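Trainee: I should like to go through this model one question at a time, with the criteria stated as they arise.

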Amino acid sequence: MSQDRIDILERALKREKKARKAAEKILEQKSTELYYSKKKIEELYKEVESELTKTDSQLQGVFENIVDAYVIIDIAGNILKMNATAAHLFDFESDKSDGNLMNMVLPEDIDYVSQSFKSLQKEGSIKDFKINIKTNKNDIKLVHVNASIIYDKGIAVAAQGILRDITQDNKYQKSLEAEREKYRAITANMNLGLLEVNNNDEILLCNSSFCEMSGYAQEELLGKVASDLFLDSEVAEIIKNENLKRQKGDSNSYELKIKNKLGEIRYWLVSGAPNYNFEGKVIGSIGIHLDITAFKKLQEQKEKLLIDLEKSNNELHEYAHVVSHDLKSPLRSINALVSWLKEDNFGKLDEMSLKNFGLIESTLEKMEQLISNILTYSSLGEETQSNQPVNLNDVLLEIKETIYMPEHISLKANTELPIINGDKTKLEQLFQNLIGNAIKYCDKAEGFIEVNCRELDQHYEFSVKDNGIGIEEKHHEKIFKIFNYLNKSKDSSGIGLSIVKKIVDLHCGDIWLESSLGTGSTFFFTLKK
């Protein structure tokens, strides 16, 4: 081998050694870098693994504590995972129970659910889906579903959904709608006018009755200011004040004088109440309106009649006093003339003449008593009567001392008599007339008059019982009418029981009797407490 060839090989060997050293150096450097990269990757992996563990723990906590039911199913509908709320919704014993959602669908909804599930797989999600399910305990529940598909490498492998039991909400909604329909029908058909306005008095709602009352069509009212349509400035101020009361939460009733579409003056009775929103804020008012125009006219007529009646009563009372005086004067003159004739012809008159003079005197006496009774009857309704506590025991005692009581007749009260509010003079007349009648018409050798009383809710019921001649039942009603008397004796004017009834009426009571001929009578009457 030549020297040149050897030199070439040596130089090549040197270059190869040099290149090998350089490669070894590079390899050593890369090995070091790879080692540190591996260490860094291992650290990053641990960090990622820790984060994944933490995140998984957090997701598990959310899954377990979510308020709504959460469930994961495979494509066939088998439950893969569910939380406790879902287990409760489906009536399972625990969230580890097995089940298939498709088996919970009602037969009539199978096609509907199948189509919806296909749409879920196609679109990837579905919202506001409502379906009835039969739970593990065969209860029917209406559930609201929001669901989405779970993919693995682009392939749908499962579905997840949040479910909410809206059974009660649905029942409540239907009940609420039914109530709304009921009240809408009542509002539309009731005879009272309904008007709803906002805080600016703008009309929001009115029923047909209000339209009839006002003369306006509904489209003419909605959006208009109520006070501008119906009220003058004076009445508008009333409405303004009433609206201020509504904003404070007050409800009340008041009268309004309004003018309808035809320009007629009408009177309305309004019951107003505040209208609240769901937040409890007053957003306007609701008024129920009743047309009281006819009633107001009747009231005005009544007031005029009362004034006229009072005037007539006063005139009648004055007339009764004048007539009483004018009638009694000639009676007294006749009585004086009879007395003079008897004195002038003393010893000259025969028995028949004296008897006739006696008849004239008794007739004059009866006429004077009749006139006095008429005056008493006409005075009973005077407004000057007093109203004070009256002890009826004292009244009965005074009657015993002042009235003529024959020895064969006894008068007693079997019960303690009450104290009532009334006119003492008229109450004395009441008891005195009844007791006087019992004395007058007693035909028994041993007579009695008994006064009794019992307490009712609003009244006292009294009775005056005797064992006199009695009254036939056919006469029981008419004896209380003026100038009706059954025994035309010189002592009977036919007014006594009419006076009794009028006094009872003045004390807000009733009067009646129980009696039969020959057995006596019991007069019952009530007086307000």
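Trainee: What is the relative accessible area of R266?

Mentor: This is a predicted model, in which local features need pLDDT of at least 70 and side-chain atom pairs count only at pLDDT 80 or more, while totals for chains, interfaces and linings use all residues. Residues are numbered from 1 along each chain as its sequence is written, and side-chain values use heavy atoms, leaving out hydrogens and water. Buried means under 20% relative accessible area, exposed over 50% and partly exposed in between (1.4 Å probe, protein chains only). R266 is classed as partly exposed because its relative accessible area is 24%.

Trainee: Which residue forms a salt bridge with R266?

Mentor: A salt bridge requires a side-chain nitrogen of Lys or Arg within 4 Å of a carboxyl oxygen of Asp or Glu. For R266, the closest N and O atoms of the pair are 3.2 Å apart, and the partner is D291.

Trainee: Why does this pair tie together separate parts of the sequence, and how many residues apart are they?

Mentor: Helices (H or I, at least four residues) and strands (E, at least two) are DSSP runs, numbered from the N terminus. R266 lies in strand 9 (residues 265-276) and D291 in strand 10 (residues 282-291), so the parts that the pair ties together are apart in sequence by 25 residues.

Trainee: Where in the structure does the salt bridge partner of K141 lie?

Mentor: The side chains of K141 and D91 meet in a salt bridge (3.8 Å, N to O). The pair ties together parts 50 residues apart in sequence, because K141 lies in strand 4 (residues 140-152) and D91 in the loop between helix 2 (84-90) and helix 3 (110-123).

Trainee: Is D91 buried or exposed?

Mentor: Its partner K141 counts as buried at 13% relative accessibility. D91 has a relative accessible area of 15%, so D91 is buried.

Trainee: Which residues are joined into one network by salt bridges that share partners?

Mentor: Consider D423 and K426, whose side chains meet in a salt bridge (4.0 Å, N to O). Salt bridges that share partners give one network, which joins E242, K245 and R246.

Trainee: Which side chain makes a polar contact with that of E242?

Mentor: E242 is placed in helix 8 (residues 233-247) and counts as buried at 7% relative accessibility. A polar contact is a pair of N or O atoms within 3.5 Å; within protein, one must be able to donate a hydrogen and the other to accept it, and residues adjacent in sequence count only if both atoms are side-chain atoms. At 3.1 Å, the partner side chain is that of N252.

Trainee: Which element gives the most residues to the largest nonpolar core?

Mentor: A nonpolar core is a set of buried Ala, Val, Leu, Ile, Met, Phe, Trp, Tyr and Cys residues joined through side-chain atoms within 4.5 Å. The largest has 37 residues, and L392, L430, F431, F462 and F525 have the most contacts inside it. Elements giving two or more residues include helix 12 (424-440), strand 15 (459-466) and strand 17 (520-528). With 7 residues, the element that gives the most is helix 12.

Trainee: How many residues are in the second core?

Mentor: This core is separate, and includes L89, V105, I126 and V143. Its size in residues is 26.

Trainee: How many helices and strands does the protein chain have, and what share of its residues count as buried?

Mentor: The chain contains 13 helices and 17 strands. Among its 529 residues, the share that count as buried is 33%.
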